[in-house]
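Okay, thanks for coming, everyone. Let me put the structure up, and then I'll walk you through the ligand site.

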Amino acid sequence: MVLTGGGDCPGLNAVIRGIVKRASQEKDWEVVGCIESFNGVLREPTEIEILDEKRVEGLQIQGGTILGTTNKGGPFAWPIKNADGSWSTVDRSDEMLRKLQYLGIDAVINIGGDGSQRISLGLFNKGLNIVGVPKTIDNDLSMTDYTFGFQTAVQICTDAIDKLVTTAASHNRVFIMEVMGRDAGWIALHSAIAGGADVCLIPEIPYDINKVKAKIEQRYNKRRGYCIIVVAEGAMPKGGTVTGTETGEVGYQHVKLGGVGEQLAADLKEAGVEHDIRCTILGHLQRGGTPIAFDRVLATEFGVRAMEFVLEGRFGQMVAYHHPDIVGVSLEEAVRTPHFIDPNERLVHTAKGVGIEMGN
Ligand code: F6P
């Protein structure tokens, strides 16, 4: 059984296709997909579908996930409504494992980020034959060089910077582009370098507004000039906090980030920047649509290897990219430490080397 969990990501369907195509070369295996992460098994009636070669034809191109996904709840924290209208959670993992047995599921492949792989680990510890496939556009999983979907997101952001440069230059404006990156600024850092931005602000390096202001002024000759600032949604000023709102959505465990770009624009105005400032929020445009070729290849490799891990009985492992190989790492290791940007790391050095102001 294969399922996709957490936020969607370009390449999910390519992984599903890789799994199904590899399985179809074996005599005794049939693949089913579970709808909306584990919800399809937890719901009555059960929502699973048979995935054969016909169903996955051409799927490497398609964004999103044909199985649907969710980043709320799960077998260990299933939301239930109490009599007084409030919500709480119950652990339905044992019940779900019994149901998987009843359905004759021999193995599960869980495609998801850190939250999903924590669920994989919990279920593995309870005896489920499970293999993980790492997914996140944020690229914040430490045990794989890259997650699929990340490079597509970087490409989308880079294309957006290329477009903003022409309008910024025409109007002598400062443009702030807010990109995804809750805890890790990889998308911001890569796209800032690729797009030739002037400032890059990331969650790992709280920024000094005066440094940003100084860089803007450096980019202008009196009133002529322009400046491109890339800011990750999870970035914050020195001594400040992230910008976001509580969604109130049942089972959603995060603050919905967003708004740091507009906040930065207001702070820069207050700090005395007189040039026009405009802010563009890319939001979910970074997660939708067709994966670029790199992500299709990586996702296909992950799918094929994940199925082979099942055939080899390598459960409790997550497939991972350690250039040039696809290897297995234990789920425990996979979720232990997130992959954040070290302010002293090579890519930060490169960014500073081409004059990008990192705000510290
Ligand atoms: O974890 C990936 C991510 O894209 C984050 O960068 C972002 O904060 C979050 O998902 C947004 O999630 P949602 O789709 O629930 O708004």
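**The ligand and its two domains**

So, the ligand takes up the space of the largest pocket; a pocket here is an open set of points on a 1 Å grid over the protein atoms alone, where a 1.4 Å probe fits, with protein on both sides within 12 Å along at least five of seven lines. Before I go on: this is a predicted model, where local features need pLDDT of at least 70, side-chain atom pairs count only at pLDDT 80 or more, and totals for chains, interfaces and linings use all residues. Residues are numbered from 1 along each chain as its sequence is written, and side-chain values use heavy atoms, with hydrogens and water left out.

Who's around the ligand? The shell (a heavy atom within 4 Å) includes Asn-71, Ile-137, Met-180, Glu-233 and His-284.

Now the polar contacts, meaning N or O pairs within 3.5 Å. Ligand oxygen atoms sit 3.0 Å from a polar side-chain atom of Asp-138, 2.8 Å from a side-chain N or O of Arg-287, and 3.3 Å from a polar backbone atom of Gly-181.

Where does that put the ligand? Between domain 1 (2-148 + 291-323) and domain 2 (150-288 + 342-353), because both give residues to the shell. Those bounds come from an automatic or database domain assignment. The domain centres, over C-alpha atoms, are 32 Å apart. Their contact (heavy atoms within 4.5 Å) takes 21 residues from domain 1 and 19 from domain 2.

Conventions:
A polar contact is a pair of N or O atoms within 3.5 Å; within protein, one must be able to donate a hydrogen and the other to accept it, and residues adjacent in sequence count only if both atoms are side-chain atoms. On a 1 Å grid over the protein atoms alone, a cavity is a set of points where a 1.4 Å probe fits but cannot get out, and a pocket is an open set with protein on both sides within 12 Å along at least five of seven lines; lining residues have an atom within 4 Å of a point. A molecule sits in a cavity or pocket if more than half of its atoms lie within 2 Å of its grid points.
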